[in-house]
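Trainee: I have a model open and would like to talk through its metal site, ligand and cavities. Could you walk me through them?

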Amino acid sequence: MQITWDSIWYNANVATMVPDTHAYGMVENGAVCVQQGIVDRVGPTHSLPEGSLARAKEIKDCSGRLVTPGLVDCHTHLIYAGNRAGEFEMRLKGASYQDIARAGGGVMSTVRATRSASEDQLFEQTLLRMNGLLDNGVTTVEIKSGYGLDTASEIKMLRVAKRLAHSTPANITVTFLGAHAVPTEYNGRADAYIDLVCEEMLPRVVEEGLADAVDAFCEGIAFSPQQVERVFVAAAEHGLETKCHAEQLSHLGGAVLAARHGAISVDHLEYLHERDVAVLADAGTVAVLLPGAFYVLRETRLPPIEAMRRHGVPMAIATDSNPGSSPVLSLTLMLNMACTLFGLTPEEALAGATREGARALRMVDETGTIERGKWADLALWNVREPSELSYQVGGNPCQAVMHRGRLR
Ligand code: NIG
Ligand code: FE
């Protein structure tokens, strides 16, 4: 029986990102055959069964260019109104991110703008940013709430996320981040706000099926480990996965706490201690590195990369796209920053924005590598070597994107 594939991308340097003996899981002069949105075959172009190209419904001659898994951006705050360019200017004049937050700016400034925006306005504004990400080769995006901070506004954000999931050619996962900051009306009553998150917001979010995971910000300007732990316990009661913004500006122990509660990922981690790393490794928790926020906040303390490498902690890379600490829409720029600022190798960086990003979303069985049986999420780049994706600073080498078998 002759096989007819829906599409074949051939004559490509295919960086499958399947961990094996070849760097980048590379198949040189390779072909990827797709059937019903799924990768059916990956191998050298010359070993395709005779007549395959003639029979396929759609073919693309990649002319020796690079094909990678569609990129995975596993940490974004893409939904918001307004911007914080004014705070950027204040920081350049010497104010710190924490000073601005304590004075009622920071996250709260975006909360005010987001509360005043209608669902449609939020949707339209976010769609522009989403398209920016996708133009750059991304096929999977995680989106957090966390700029509503009252029940109605958090639900509004999550509904926008769900609408995006239905109208965007990408895999979208949604995370409830009610515990992002203490809203002004709860000043000095953070515990009471956590009651609201756990007893009112979370049950509503679950009832409406609006989130896949729950996140919390463990930090001096946000919530204590005890408060964050209450959120994790409530999430577990509802059967939701957990994630944690931890050790970004100081060491409060949020990462170890989250790992012990079985969190899928802990994110930021500049202030993580070396002794914490073994706990992440044992728990299989993914470390999500966010070089955009490190860069924008002009942080100088580096996450303990070498210790994570030694302990085999999976490292993902994401944009953290948000209006305050990381107004970033290019995941390939984050590959560059992960290498130049954090000392990752280009292969670690690309794995971080594909396979390990998928792992941080518990989607690594579906996407993040080019393998038989996984979704046909692919990106074609106007480069030949995968290291060029990390090497280039700015610009957009992405030439074509396939999401679950469909050309974007
Ligand atoms: O991941 N760290 C906390 N949350 C965001 C920033 C949010 C903001 O400043 O609006 C972050 O960096
Ligand atoms: Fe974040």
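Mentor: Happy to! One term before we start: a residue counts as buried when its relative accessible area is under 20%. Keep in mind, too, that this is a predicted model.

Trainee: Thanks. Which residues coordinate the iron ion (ligand 2)?

Mentor: Look for the donor atoms around the ion, at 2.1 to 2.3 Å. Three histidines each give NE2, and an aspartate gives OD. The donors are thus spaced H-x1-H-x167-H-x74-D along the chain. By name, the iron ion (ligand 2) is coordinated by His-75, His-77, His-245 and Asp-320.

Trainee: How many residues apart in sequence are the parts that His-77 and Asp-320 tie together?

Mentor: Start with where each one sits. His-77 is in the loop between strand E6 (71-73) and helix H2 (85-92), while Asp-320 is in the loop between strand E13 (315-317) and helix H13 (331-340). The pair therefore ties together parts whose separation in sequence is 243 residues.

Trainee: Is His-77 buried or exposed?

Mentor: Use the cut-off we began with: under 20% is buried. His-77 has a relative accessible area of 2%, and Asp-320 has a relative accessibility of 1%. Asp-320 counts as buried, and His-77 is likewise buried.

Trainee: On to ligand 1: which residue has a polar side-chain atom 2.5 Å from one of its oxygen atoms?

Mentor: Of the 15 residues around ligand 1, Arg-84, Tyr-97, Tyr-147, Gln-248 and Ser-325 come nearest. A polar side-chain atom of Tyr-147 is 2.6 Å from an oxygen atom of ligand 1. For His-245, a side-chain N or O atom is 3.1 Å from a ligand 1 oxygen. The residue with the 2.5 Å distance is Tyr-97.

Trainee: How much space lies in the largest cavity?

Mentor: There are two cavities of 30 Å³ or more. The largest cavity holds about 90 Å³. Of its 13 lining residues, His-77, Tyr-97, His-180, Asn-322 and Ser-325 are the closest to the centre. By class, that lining has four nonpolar, seven polar and two charged residues, and the space you asked about is about 90 Å³.

Trainee: And which residues line the second largest cavity?

Mentor: The second largest cavity has about 40 Å³ of space. Its lining is made up of four nonpolar, two polar and two charged residues. They are Gln-248, Leu-249, His-268, Glu-270, Ala-293, Phe-294, Leu-297 and Glu-299.

Notes: Residues numbered from 1 in each chain as written. Chains lettered and ligands numbered in written order. Predicted model: local features only at pLDDT ≥ 70, side-chain atom pairs only at ≥ 80, totals over all residues. Heavy atoms only, no water. Donors = N, O, S within 2.8 Å, 3.2 Å for Na, K, Ca; no water. Helix = DSSP H or I, 4+ residues; strand = E, 2+ residues; numbered from the N terminus. Buried < 20%, exposed > 50% of the residue type's maximum accessible area, 1.4 Å probe, protein only. 1 Å grid on protein atoms, 1.4 Å probe; cavity = no way out; pocket = protein on both sides within 12 Å on 5 of 7 lines; lining within 4 Å. Points joined across faces, edges and corners; volume = space filled by probe spheres on them. Nonpolar A, V, L, I, M, F, W, Y, C, P; charged D, E, K, R; others polar. Near = heavy atom within 4 Å. Polar contact = N/O pair within 3.5 Å; in protein donor to acceptor, adjacent residues only side chain to side chain.
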